[in-house]
Amino acid sequence: MTADMYADYQQMAEEVRTAQRHLAEIRATAESDDGLVSATVGSSGELTELQLDPRIYHTPDSARLSRAITETIRQAAEDAHRQAFTILARHLPADASPEQADLRFDPLLTALDREVEGGQPR
C-alpha cells in the first residue's frame, strides 16, 4: 500500500469513526396518536426507553395496546434511521436514499483495517 493510499485510508477511517460516534448519540422518540405510548430508540432502532401512560389500564384492550407500542417504536426507528442517514450521507453513493441505505460500517472498517495492517486483526 502506498503512502498516499494509506493517508486516504486513515482519513476515511477517521471520518467514519467520527460518524459512528455521532450515530451513538442518536435518540429518536415517538408518541402514539393517543399519547399513551412513548418510545425512544437508538441509531439502529434498538429500544432504549418505553413509557406507558397509566391511562392504558382504563381500557384493557391488549391487542390495541400492542399495535400502538409496535407502531410507536417503528416511527421512532424510522426517525433514528433518517437522522443516521443525514450523518452518513457524505459516505454513501450519491444515489443512496434513506429507505435503501445500509448504514452499518463496522464490517467495512474491519476489512480495511486488516488490509492496511497486513491481515492482522485489530
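Me: How do you know that strand 2 and strand 3 pair?
Reply: In this predicted model, strand 2 (residues 37-41) and strand 3 are joined in the antiparallel sense over 5 bridges. Two strands count as paired if at least two bridges are found between them, so strand 2 and strand 3, with 5 bridges, are a pair. V41 stands opposite L47 in strand 3.

Me: Why are strand 1 and strand 3 said to stand at the edges?
Reply: The open sheet holds 3 strands in the order 1-2-3, with antiparallel pairing. Strand 1 (28-31) and strand 3 (47-52) each have a single partner strand, so one side of each is left without a neighbour in the sheet. On average, neighbouring strands of this sheet are turned by 15 degrees against each other, direction ignored.

Me: Which strands does helix 2 lie across, and at what angle does it run to strand 2?
Reply: Helix 2 (residues 62-88) lies across strand 1, strand 2 and strand 3. Its angle to strand 2 is about 35 degrees.

Me: What makes a residue part of the lining of the second largest pocket?
Reply: A lining residue has an atom within 4 Å of a point of the pocket. For the second largest pocket, 13 residues form the lining, and L36, I56, T59, D61 and L65 lie nearest its centre. Helix 2 supplies the largest share of this lining, 4 residues. The volume of the second largest pocket is about 210 Å³.

Me: How do the residues of that lining divide into nonpolar, polar and charged?
Reply: The lining of the second largest pocket has 7 nonpolar, 2 polar and 4 charged residues.

Technical notes
Residues numbered from 1 in each chain as written. Predicted model: local features only at pLDDT ≥ 70, side-chain atom pairs only at ≥ 80, totals over all residues. Heavy atoms only, no water. Helix = DSSP H or I, 4+ residues; strand = E, 2+ residues; numbered from the N terminus. Axes fitted to C-alpha atoms, helices over the stretch in contact; angles between N-to-C directions. Contact = heavy atoms within 4.5 Å. 1 Å grid on protein atoms, 1.4 Å probe; cavity = no way out; pocket = protein on both sides within 12 Å on 5 of 7 lines; lining within 4 Å. Points joined across faces, edges and corners; volume = space filled by probe spheres on them. Nonpolar A, V, L, I, M, F, W, Y, C, P; charged D, E, K, R; others polar.
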